[in-house]
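Q: Please take a close look at the salt bridges in this structure. Which side chains are paired, and where do they sit?

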Amino acid sequence: TGLTDDEIPIQKECVSSLTFLTDFVPKYLDSFIKTMPHLVNLLSIPSQDLVVKTLLTLSNIATHEKTIPFLVQAGLTDTLCSTFLQDLSDVAVEVLEPSGYLLLTLIEQENARQIMLRTKVLYPILTLYTSESEKLRTFWHEAMAEFMNFREFRTQCEADTKTLGFIKKAIYDANPKYFEQIVFVVRCLVQSNVLLNALIDEITIPRLFDLYYQFVATSQQK
């Protein structure tokens with residue numbers, strides 16, 4: 001649904017007001033369900049400020065677990081996936097980061113996962129490891145831990161093992177800030193013989209052992 005230039009500021013005010021009301025989602029769930037399709041449509045409006053405000057509101061709504069199936073039904077998963085299926089260099093970090101975390105909130109829903117699998121949104125998300133944004137690299141590590149925890153996404157990676165190149169780079173870099181996520185991701189990947197064989201090489205294995213040693217040492221210091 002298109003908006004005129006005069007309507008966009010009004011929508012911003014409405015969305016901002018709705019954000020402050022999300023604490024009342026459990027009490028007025030039906031009312032919030034009715035607003036979901038409209039909020040999802042606003043994510044397609046070419047106004048970054050409006051989109052960011054709408055993502056905040058949707059994220060707050062999604063903290064209430066009962067809303068997740070209705071958000072998926074309203075088309076939120078499809079819309080979020082489309083954000084990552086365009087040229088990511090054209091999308092602001094302020095949009096990508098909350099869109100990504102909102103996807104991770106939906107990933108527990110099987111219907112949402114099926115949409116993510118169909119759109120192959122995992123592939124463009126994998127490329128975010130090379131982003132210059134620290135926020136997106138932090139999201140990347142959390143996203144890999146979430147996606148690789150599901151067998152269907154590991155199976156999707158089996159179809160194109162070259163995608164493991166980004167995960168291998170994360171192992172090589174061994175950033176202490178992300179030890180826990182990388183160790184968890186590797187533990188998920190080795191459940192697949194195909195991914196295990198793709199992961200093993202003369203460079204990755206020594207780095208992987210170094211990573212484990214550093215992780216254990218760091219854990220003992222806590």
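A: **Salt bridges, one pair at a time**

In this predicted model, the side chains of Arg137 and Glu134 meet in a salt bridge, with 2.7 Å from N to O. Both residues belong to helix α9, which covers residues 134-147, and because they are 3 residues apart there, about one helical turn separates them. Arg137 is partly exposed, its relative accessible area being 22%. Glu134 is partly exposed as well, with a value of 34%. The cut-offs behind this wording are under 20% for buried and over 50% for exposed, with partly exposed in between.

A second pair is made by Asp201 and Lys168, whose closest N and O atoms are 2.6 Å apart. This salt bridge links distant parts of the chain, as the two residues are 33 residues apart. Asp201 lies in the loop between α13 (193-199) and α14 (204-221), while Lys168 lies in helix α11, residues 164-173. Asp201 has a relative accessibility of 24% and therefore counts as partly exposed. Lys168, at 15%, counts as buried.

Helix α14 holds a further pair, Asp210 and Arg207. The closest N and O atoms of this salt bridge are 3.3 Å apart. Asp210 and Arg207 are 3 residues apart in the helix, so about one helical turn lies between them. Asp210 is partly exposed at 33% relative accessible area, and Arg207 also counts as partly exposed, at 24% relative accessibility. Elsewhere, salt bridges with shared partners join Glu134, Arg137 and Lys177 into one network. In total, the structure holds 9 salt bridges, among them the pairs Arg137 with Glu134, Asp201 with Lys168 and Asp210 with Arg207.

Charged residues also appear in a contact between two helices. Two packed helices are described by the angle between their axes and the distance between the axes. Helix α5 (residues 76-84) and helix α7 (residues 110-119) pack at about 30°, and their axes are 9 Å apart. Angles under 35 degrees count as roughly parallel, and α5 and α7 are therefore roughly parallel to each other. The crossing of α5 past α7 is right-handed. On the α5 side, the contact is made by Thr77, Asp78 and Cys81. On the α7 side, Ala112, Ile115, Met116, Arg118 and Thr119 take part. By type, the residues of this contact divide into 4 nonpolar, 2 polar and 2 charged.

Definitions and conventions
Residues are numbered from 1 along each chain as its sequence is written. This is a predicted model: local features need pLDDT of at least 70, side-chain atom pairs count only at pLDDT 80 or more; totals for chains, interfaces and linings use all residues. Side-chain values use heavy atoms; hydrogens and water are left out. Axes are lines fitted to C-alpha atoms, for helices over the stretch in contact, and angles run from 0 to 180 degrees between N-to-C directions. Helices (H or I, at least four residues) and strands (E, at least two) are DSSP runs, numbered from the N terminus. Angles under 35 degrees count as roughly parallel, over 145 as roughly antiparallel, 65 to 115 as roughly perpendicular and the rest as oblique. A crossing is left-handed if the near helix is turned anticlockwise from the far one by less than a right angle, and right-handed if clockwise. Contact means heavy atoms within 4.5 Å. Ala, Val, Leu, Ile, Met, Phe, Trp, Tyr, Cys and Pro count as nonpolar, Asp, Glu, Lys and Arg as charged, and the others, Gly among them, as polar. A salt bridge is a side-chain nitrogen of Lys or Arg within 4 Å of a carboxyl oxygen of Asp or Glu. Buried means under 20% relative accessible area, exposed over 50%, partly exposed in between (1.4 Å probe, protein chains only).
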